Amino acid sequence: MTKRQTLSLTALAMIAFAANSLLCRLALMHTAIDPASFTAVRVIAGAVTLALIIMLRGGRVSANGSWASGLALFVYAAAFSFAYVSLSAATGALLLFGAVQVTMITVGLWHGERLSLRKLTGLGLAFGGLVTLLLPGLSAPSLASAVLMLAAGLAWGIYSLRAKGATDPTAVTAGNFLRAVPFAAVLTLLMWPSLKTDHAGILLAIASGALASGLGYAIWYAALPGLRATSAATVQLCVPVITALGGIVLLGEPLGLRLMMTSIVILGGIALVVAK
């Protein structure tokens, strides 16, 4: 694969990751669909899309993945949807991204990884930025929604760590999506009295699952062999930025001073950690 192809695939994957936040927020703001229904449709659409990709390659979906990873994937997707009931797209993406990276860095420290002074400074900045973003004030996000998004980031971080080193990450992701479907079905049964859907909401959830999630992950895993590990981590710093710009252009969301400043601190801190 040429460098240009790697860069093109990487850019498409980052746009897809940002699109997940934008599609979810758009659906919950402007359609009748509820978070549980959005989660179920998204997971099913992602499972179907990835299964088709694997079958076209001649593989078997059921032979890959695990129930533990499927549960982590479901927790991420459900908490993500419920958090976006009141979070802006940009704030949600920042909290999610920060929580994912902090989770993975913390697990590395727990397993004995050593951090230089620069990396420790970056980790401190990231933590401090997240705390500052959540402090009470006129522009602070809803605490309950923020906690849900942080939980989504924790679950995604755990899922990512479990998938680390997989020989065929696309096939593993397909198997995990398939295993997340029963959990999503249980959620819809528990939330049955409050379920609401409409055609627009279902279409946005399908787009989130099939395009932004299923196809987006497949594109990302195709690009990964052409990226260094540090480059793969660093390039994801652009996702909250793309989401913020998309929120402003597509959803009419304001970019407040508090969010802008904490974004710089959090993303700058993480950049110090992941950069060589």
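**Pro 169**

I started at Pro 169, which sits in helix α7, residues 169-190. The model is predicted, and I kept that in mind throughout. Is Pro 169 buried or exposed? Neither label fits: its relative accessibility is 23%, so I logged Pro 169 as partly exposed. The cut-off for buried is under 20%. I then looked up the spacing between Pro 169 and Gly 65. They are 104 residues apart in sequence, yet their C-alpha atoms lie 9.1 Å apart.

**Aromatic pairs**

Next I searched the whole structure for paired rings. The search gave 10 aromatic pairs. I opened the pair of Phe 17 and Trp 220. Their ring centres are 6.1 Å apart and the planes stand at 70°, so I entered the pair as edge-to-face. The threshold for that class is over 60 degrees. Which helices does this pair connect? Phe 17 belongs to helix α1, residues 3-30, and Trp 220 to helix α8, residues 199-223. The pair therefore ties together parts that are 203 residues apart in sequence. I checked burial as well: Phe 17 is buried, and Trp 220 is too.

I moved on to Tyr 76 and Phe 80. Their rings form a tilted pair, with 5.6 Å from centre to centre and 55° between the planes. Both residues lie in helix α3, residues 67-83. They are 4 residues apart there, so about one helical turn separates them. Tyr 76 has 5% relative accessibility and counts as buried. Phe 80 is buried as well, with a relative accessible area of 1%.

I then followed the ring pairs outward. Which residues do they link into a cluster? I listed Phe 17, Tyr 76, Phe 80, Tyr 84, Trp 156, Tyr 159, Phe 177, Tyr 217 and Trp 220. Both pairs described above therefore fall in this cluster, since Phe 17, Trp 220, Tyr 76 and Phe 80 are among its members.

**Charges over rings**

I looked for arginines over ring faces. Arg 42 lies over the face of Phe 80, 5.0 Å from the ring centre. Arg 179 lies over the face of Trp 67, 5.9 Å from the ring centre.

**Ser 69**

I returned to helix α3 for Ser 69. Its relative accessible area is 6%, so I recorded Ser 69 as buried. What does Ser 69 touch beyond residues up to four places away in sequence? I found Tyr 159, Arg 162 and Asn 176. Tyr 159 also appears in the ring cluster.

**Helices α1 and α10**

I took the packing of α1 against helix α10, residues 238-251. The two axes come within 9 Å and cross at roughly 45°. That angle makes α1 oblique to α10. I noted the crossing as right-handed. Which residues meet across it? From α1 the list holds Met 14, Ile 15, Phe 17, Ala 18, Ser 21, Leu 22, Arg 25 and Leu 26. From α10 it holds Cys 238, Val 239, Ile 242, Thr 243, Gly 246, Gly 247, Leu 250 and Leu 251.

**Ser 21**

I closed on Ser 21, placed in helix α1. Ser 21 is buried, at 3% relative accessible area. I left aside neighbours within four places in sequence. The contacts of Ser 21 are then Phe 80, Tyr 84, Ala 89, Ala 93 and Thr 243. Phe 80 and Tyr 84 belong to the ring cluster, while Thr 243 is on the α10 side of the helix contact.

Note on methods. Residues are numbered from 1 along each chain as its sequence is written. This is a predicted model: local features need pLDDT of at least 70, side-chain atom pairs count only at pLDDT 80 or more; totals for chains, interfaces and linings use all residues. Side-chain values use heavy atoms; hydrogens and water are left out. Rings of Phe, Tyr and Trp (its six-membered ring) pair if their centres lie within 6.5 Å; planes under 30 degrees apart count as stacked, over 60 as edge-to-face and the rest as tilted. Helices (H or I, at least four residues) and strands (E, at least two) are DSSP runs, numbered from the N terminus. Buried means under 20% relative accessible area, exposed over 50%, partly exposed in between (1.4 Å probe, protein chains only). A charge sits over a ring if NZ of Lys or CZ of Arg is within 6 Å of the ring centre and within 35 degrees of the ring normal. Contact means heavy atoms within 4.5 Å. Axes are lines fitted to C-alpha atoms, for helices over the stretch in contact, and angles run from 0 to 180 degrees between N-to-C directions. Angles under 35 degrees count as roughly parallel, over 145 as roughly antiparallel, 65 to 115 as roughly perpendicular and the rest as oblique. A crossing is left-handed if the near helix is turned anticlockwise from the far one by less than a right angle, and right-handed if clockwise.
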